[in-house]
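Student: I would like to work through this model with you, going from single residues to the whole chain and back again. Could we take the questions one at a time?

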Amino acid sequence: QVQLVESGGGFVQAGGSLRLSCAASGRTFTNYIMAWFRQAPGKEREFVAGISWSSGSPYYADSVKGRFTISGDNAKNTEYLQMNSLKPEDTAVYYCAARERDRSKYAYWGQGTQVTVSS
């Protein structure tokens, strides 16, 4: 059974940094895309960043490009989201997600971790 467990959320002032972690278990994720999504109160969930587990190629939403960095540690089956220069509009619940490379739908989700950025 696939499990994704996020950690690292918290409260930070604008301009600060946080690093989120997502520990994955239950299968080999070589052919998976791992990603981060977020959902702010009253808004739809949105894509933040993704990474191919096999190639390590990252891609980002325009809103976080240059501030956030996604990475993965294959040996630990863990992905990370380093968030720098945080803004109040980054406040949201952040979710880790995974999908097979040839599928469009993210089949696996973590429980979410709250990130709050104060102005």
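Student: Does serine 85 count as buried, partly exposed or exposed?

Tutor: Bear in mind throughout that this is a predicted model. Serine 85 is found in the loop between β8 and β9, the latter covering residues 92-100. Buried means under 20% relative accessible area and exposed means over 50%. Because its relative accessibility is 41%, serine 85 counts as partly exposed.

Student: What is the phi of serine 85, and which residue in the loop between β7 and β8 has a positive phi although it is not a glycine?

Tutor: Serine 85 is not a glycine, and yet its phi is positive, at about 50°. The loop between β7 (68-73) and β8 holds asparagine 77. A positive phi of about 50°, in a residue that is not a glycine, is found there at asparagine 77.

Student: Threonine 78 comes next; which backbone oxygen lies 2.9 Å from a polar atom of its side chain?

Tutor: Threonine 78 has its place in strand β8, which covers residues 78-83, and it counts as buried because its relative accessibility is 9%. Beyond its neighbours within four places in sequence, threonine 78 is in contact with several residues, among them Cys22, Trp53 and Asp73. As for the polar atom of the threonine 78 side chain, the backbone oxygen that lies 2.9 Å away belongs to lysine 76.

Student: With which side chains does the side chain of arginine 38 make polar contacts?

Tutor: Arginine 38 is found in strand β4, and it counts as buried because its relative accessibility is 6%. Leaving aside neighbours within four places in sequence, the residues in contact with arginine 38 include Glu44, Glu46, Phe68, Glu89, Asp90 and Tyr94. Its side chain makes one polar contact, at 2.9 Å, with the side chain of aspartate 90, and another, also listed at 2.9 Å, with that of tyrosine 94.

Student: How far apart in space are isoleucine 33 and arginine 103, C-alpha to C-alpha?

Tutor: Isoleucine 33 lies in strand β4, residues 32-39, and it is buried because its relative accessible area is 6%. Not counting residues up to four places away in sequence, isoleucine 33 touches residues including Ile51, Tyr59, Ala97, Arg101 and Tyr106. In sequence, isoleucine 33 and arginine 103 are 70 residues apart, while their C-alpha separation in space is 9.4 Å.

Student: Since tyrosine 59 is among the residues that isoleucine 33 touches, how far in space is tyrosine 59 from glutamine 114?

Tutor: Tyrosine 59 has its place in strand β6, residues 58-60, and it counts as partly exposed because its relative accessibility is 34%. Apart from neighbours within four places in sequence, its contacts include Ile33, Phe47, Arg99 and Tyr106. Tyrosine 59 and glutamine 114 are 55 residues apart in sequence, and the distance between their C-alpha atoms is 22 Å.

Student: What separation do the C-alpha atoms of glycine 9 and valine 93 have?

Tutor: Glycine 9 lies in the loop between β1 (3-7) and β2 (10-13), and it counts as partly exposed because its relative accessibility is 33%. Not counting residues up to four places away in sequence, glycine 9 touches Leu20, Thr113, Gln114 and Val115. Along the chain glycine 9 and valine 93 are 84 residues apart, and the separation of their C-alpha atoms is 8.6 Å.

Student: Turning to the whole chain, what share of its contacts between residues at least 6 apart in sequence join residues at least 24 apart?

Tutor: The protein chain has zero helices and 11 strands, and buried residues make up 44% of its 119 residues. Among the contacts between residues at least 6 apart in sequence, the share that joins residues at least 24 apart is 55%.

Student: What is the radius of gyration of the protein chain, and why does it agree with a compact globule?

Tutor: Along its principal axes, the C-alpha trace spans about 40 × 25 × 25 Å. A compact globule with 119 residues would have a radius of gyration near 14 Å, which agrees with the value for the protein chain, 13 Å.

Key:
Residues are numbered from 1 along each chain as its sequence is written. This is a predicted model: local features need pLDDT of at least 70, side-chain atom pairs count only at pLDDT 80 or more; totals for chains, interfaces and linings use all residues. Side-chain values use heavy atoms; hydrogens and water are left out. Helices (H or I, at least four residues) and strands (E, at least two) are DSSP runs, numbered from the N terminus. The radius of gyration is taken over C-alpha atoms; the globule rule is 2.2 Å times the number of residues to the power 0.38. Buried means under 20% relative accessible area, exposed over 50%, partly exposed in between (1.4 Å probe, protein chains only). Contact means heavy atoms within 4.5 Å. A polar contact is a pair of N or O atoms within 3.5 Å; within protein, one must be able to donate a hydrogen and the other to accept it, and residues adjacent in sequence count only if both atoms are side-chain atoms.
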